[in-house]
Amino acid sequence: MHERFSIELLASIPQAIAVLREWFEAQWPAYYGPGGRGPALLDLWAYAHRGSLPVGVVALEAGRVCGVAALKAQPIESHVHLLPWAAAGLVHPAMRGQGIGGLLLGALEEQARELGFNRIYCGTSSAQRLLQRRRWQLLDSVIHDGERLGVYMKAV
């Protein structure tokens, strides 16, 4: 693992949830912001789980939260037959470009293996290059909530 950053289960660092809630609301205001349909706090507490889906991982630098990602069961509606999904990936803007996203994805891949899955999926409109660098394969392109998403898969 990268010597500067560590990856921990969100369940091990519940105090990170308060800051992550602010990040979610700022990053995805239409969903998590005022009037949005997503309760950031409830989603984050759901990810603070271990041993089954959903499960969240947090990137830390010297104890400071740098990023988060989750492995969950809720699929994109057009692909309900696929499980599990890498989601809620977010690296603090000041920390981007340092490999944290790749570390978080690697941790989700490991969580999927530990939970007995042999594949992992992701729907994204913004992380295509990251997924491709980590050797994920594009399966499909769909419209989800009015946005075009690439649906990716990786054998784990």
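User: Hi! Where is alanine 88 found?

Analyst: Hello! In this predicted model, alanine 88 is found in strand β4.

User: Is alanine 88 buried or exposed there?

Analyst: Alanine 88 has a relative accessibility of 17%, so this residue counts as buried. The cut-off behind that word is under 20% relative accessible area.

User: Cool. What about the phi of alanine 88?

Analyst: The phi of alanine 88 is positive, about 55°, although the residue is not a glycine. For background, most residues other than glycine have a negative phi.

User: Which other alanine, also not a glycine of course, has a positive phi?

Analyst: Alanine 62 has one, with a value of about 50°. You can find alanine 62 in the loop between β2 and β3.

User: And is alanine 62 buried or exposed?

Analyst: Alanine 62 counts as exposed, at 84% relative accessibility. The limit for that label is over 50%, so 84% qualifies.

User: Let's go back to strand β4. What does β4 do for the lining of the largest pocket?

Analyst: Strand β4, residues 85-91, gives seven residues to that lining, and this is the largest share. Alanine 88 turns up here again: together with Trp28, Ala87, Gly89 and Gly123, Ala88 lies nearest the centre of the pocket.

User: How many residues line the largest pocket in total, and how much space lies in it?

Analyst: The lining has 50 residues, and about 1,800 Å³ of space lies in the pocket. As for how such space is found in general, rolling a probe the size of a water molecule over the atoms shows where empty space is left.

User: How does the lining divide into nonpolar, polar and charged residues?

Analyst: There are 28 nonpolar residues, 13 polar ones and nine charged ones.

User: You mentioned Trp28. Which aromatic cluster does it belong to?

Analyst: Trp28 forms one cluster with Phe24, Tyr31 and Tyr32. The structure as a whole holds five aromatic pairs. One of them joins phenylalanine 24 and tyrosine 32, whose ring centres are 5.3 Å apart, with 45° between the planes. That pair is described as tilted.

User: Why is the pair of tyrosine 31 and tyrosine 32 edge-to-face?

Analyst: Look at the angle: the two ring planes stand at 90°, so the pair is edge-to-face. The cut-off for that name is over 60 degrees. The ring centres of tyrosine 31 and tyrosine 32 are 4.8 Å apart.

User: Which of these rings belong to buried residues?

Analyst: Phenylalanine 24 is buried, at 0% relative accessible area, and tyrosine 32 is buried too, at 9%. Tyrosine 31 is partly exposed, at 31%.

User: New topic: how many disulfides does a search of the whole structure find?

Analyst: The search finds zero. As a reminder, a disulfide is a covalent bond between the sulfur atoms of two cysteines. If you want to look at some cysteines anyway, cysteine 66 counts as buried at 0% relative accessibility, and cysteine 122 counts as buried at 9%.

User: OK, what about peptide bonds? Where are the cis ones next to proline 54 and proline 84?

Analyst: One runs from leucine 53 to proline 54, with omega near -5°. Another joins leucine 83 and proline 84, where omega is about -5°. In general, most peptide bonds are trans.

User: And where are those prolines?

Analyst: Proline 54 is in the loop between α3 (40-47) and β2 (55-61), while proline 84 is in the loop between β3 and β4.

User: Which other residues lie in that loop between β3 and β4?

Analyst: Among them are histidine 79 and valine 80. Histidine 79 counts as buried, at 7% relative accessibility, whereas valine 80 is exposed, with a relative accessible area of 60%.

User: What does the side chain of histidine 79 contact?

Analyst: A polar contact of 3.0 Å links the histidine 79 side chain to the side chain of aspartate 140.

User: Last one: where is serine 141, and how far is it from glutamine 111?

Analyst: Serine 141 sits in strand β6, residues 137-144, and is partly exposed, at 36%. From serine 141 to glutamine 111 the C-alpha distance is 25 Å, with their positions 30 residues apart in sequence.

Terms used
Residues numbered from 1 in each chain as written. Predicted model: local features only at pLDDT ≥ 70, side-chain atom pairs only at ≥ 80, totals over all residues. Heavy atoms only, no water. Phe/Tyr/Trp six-rings, centres within 6.5 Å; stacked < 30°, edge-to-face > 60°. Buried < 20%, exposed > 50% of the residue type's maximum accessible area, 1.4 Å probe, protein only. Disulfide = S-S within 2.5 Å. 1 Å grid on protein atoms, 1.4 Å probe; cavity = no way out; pocket = protein on both sides within 12 Å on 5 of 7 lines; lining within 4 Å. Points joined across faces, edges and corners; volume = space filled by probe spheres on them. Helix = DSSP H or I, 4+ residues; strand = E, 2+ residues; numbered from the N terminus. Nonpolar A, V, L, I, M, F, W, Y, C, P; charged D, E, K, R; others polar. Polar contact = N/O pair within 3.5 Å; in protein donor to acceptor, adjacent residues only side chain to side chain.
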